[in-house]
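Let's take a walk through a protein chain together, one step at a time. Keep the picture open while you read, and try to find each residue as it comes up.

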Amino acid sequence: AYGYGSDVSVMSAVMDGKVIGVDVLDASNETPGLGQNVTRKEFIDQFDGTDDTLEVVKNDPANKNQVEAVTGATKSSNAVATSVKEALALFEQVATSEK
C-alpha cells in the first residue's frame, strides 16, 4: 500500500482469519527516522492476533484490533495496516473458495 513517500511492501502470515505474523519488507522510501520506523519490531508485533476489524489509532489502543501508529508517521502506519487488511481479505477469499 502507498505510505507517505512510496509503496510500503508488507508480508503477512494469516491463520484461521487472524494475523500470526507481519514483516515490513521495504519502507526505504518513507521518511528516515519517522516513516521508516514501521519496520521496527515494536510496531510490527502489534498486528499479532488482529483480524479484519483492524484499525490504526494515534493513542493507546483500547482493544486487540487497534494498532498504535508510529509517532509522526500515520500515513506509513496506515499503509502497513492496509496491506495487512488486504492479506486478511485474500485469506478469506481463498478459505471461502475451498469450502
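Before we start, one bit of vocabulary: two residues are in contact when they have heavy atoms within 4.5 Å of each other. Also keep in mind that what you see is a predicted model.

Let's begin with the overall layout. The chain has 2 helices and 4 strands. If you follow the chain from the N terminus, the elements come in the order β-β-α-β-β-α. How does the overall spread of the chain fit with that of a compact globule? For 99 residues, such a globule would have a radius of gyration near 13 Å, and the chain has 13 Å, so the two agree. Drawn along the principal axes, a box around the C-alpha atoms would be roughly 45 × 30 × 15 Å.

What about inside and outside? Of the 99 residues, 33% count as buried. The accessible surface of the chain is about 5800 Å², and carbon and sulfur atoms account for 50% of that. There is also a nice number for how the chain folds back on itself: take the contacts between residues at least 6 apart in sequence, and 53% of them join residues at least 24 apart.

Now look inside. The largest nonpolar core has 18 residues, and the members that touch the most others are Val-24, Val-38, Phe-43, Phe-47, Val-80 and Val-84. Three elements, β2 (18-26), α1 (41-44) and α2 (74-97), each supply at least two residues of this core. Which of them gives the most? That would be α2, with 5 residues.

Pick out Val-80 and see who its partners are. Setting aside residues up to four places away in sequence, Val-80 touches Val-8, Val-10, Val-24, Val-38, Phe-43 and Phe-47. Another residue to find is Ser-77, which sits in helix α2. Is Ser-77 buried or exposed? It is buried, because its relative accessibility is 0%, and the cut-off for buried is under 20%. With the same four-place neighbours left out, Ser-77 touches Val-38, Phe-43, Val-56, Ala-69 and Val-70.

Next, find Thr-50, in the loop between α1 and β3. Thr-50 is buried too, with a relative accessible area of 0%. Its side chain reaches the backbone oxygen of Phe-47 at 2.7 Å. Here our definition of contact comes in handy: apart from its neighbours within four places in sequence, Thr-50 is in contact with Gly-17, Lys-18, Val-19, Lys-64, Asn-65 and Val-67.

Charged residues come next. Side chains of opposite charge can pair when their charged atoms come close. How many salt bridges does the structure hold? There are 2 of them. In one, Lys-18 pairs with Asp-51, and their closest N and O atoms are 3.7 Å apart. Lys-18 lies in strand β2 while Asp-51 lies in the loop between α1 and β3 (55-57), so this pair ties together parts that are 33 residues apart in sequence. Lys-18 is partly exposed at 31% relative accessible area, whereas Asp-51 is buried at 16%. Another salt bridge joins Asp-45 and Lys-41, with the closest N and O atoms 2.6 Å apart. Here Asp-45 is partly exposed at 34%, and Lys-41 counts as exposed at 56%.

Let's go to the start of the chain. Ala-1 is in the segment before β1 (9-15) and is partly exposed, with a relative accessible area of 28%. Where does Ala-1 sit in relation to Ser-83? They are 82 residues apart in sequence, but 5.7 Å apart in space, C-alpha to C-alpha. Leaving out neighbours within four places in sequence, the contacts of Ala-1 include Ser-6, Asp-7, Val-8, Ala-79, Thr-82 and Ser-83.

One last stop is about backbone angles. Most residues other than glycine have a negative phi. Asp-16 has a phi near 55 degrees, a positive value in a residue other than glycine. You'll find Asp-16 in the loop between β1 and β2, and at 68% relative accessibility it counts as exposed.

Technical notes: Residues are numbered from 1 along each chain as its sequence is written. This is a predicted model: local features need pLDDT of at least 70, side-chain atom pairs count only at pLDDT 80 or more; totals for chains, interfaces and linings use all residues. Side-chain values use heavy atoms; hydrogens and water are left out. A nonpolar core is a set of buried Ala, Val, Leu, Ile, Met, Phe, Trp, Tyr and Cys residues joined through side-chain atoms within 4.5 Å. Buried means under 20% relative accessible area, exposed over 50%, partly exposed in between (1.4 Å probe, protein chains only). A salt bridge is a side-chain nitrogen of Lys or Arg within 4 Å of a carboxyl oxygen of Asp or Glu. A polar contact is a pair of N or O atoms within 3.5 Å; within protein, one must be able to donate a hydrogen and the other to accept it, and residues adjacent in sequence count only if both atoms are side-chain atoms. The radius of gyration is taken over C-alpha atoms; the globule rule is 2.2 Å times the number of residues to the power 0.38. Accessible areas come from the Shrake-Rupley method with a 1.4 Å probe; for residues, only the protein chains shown count as cover.
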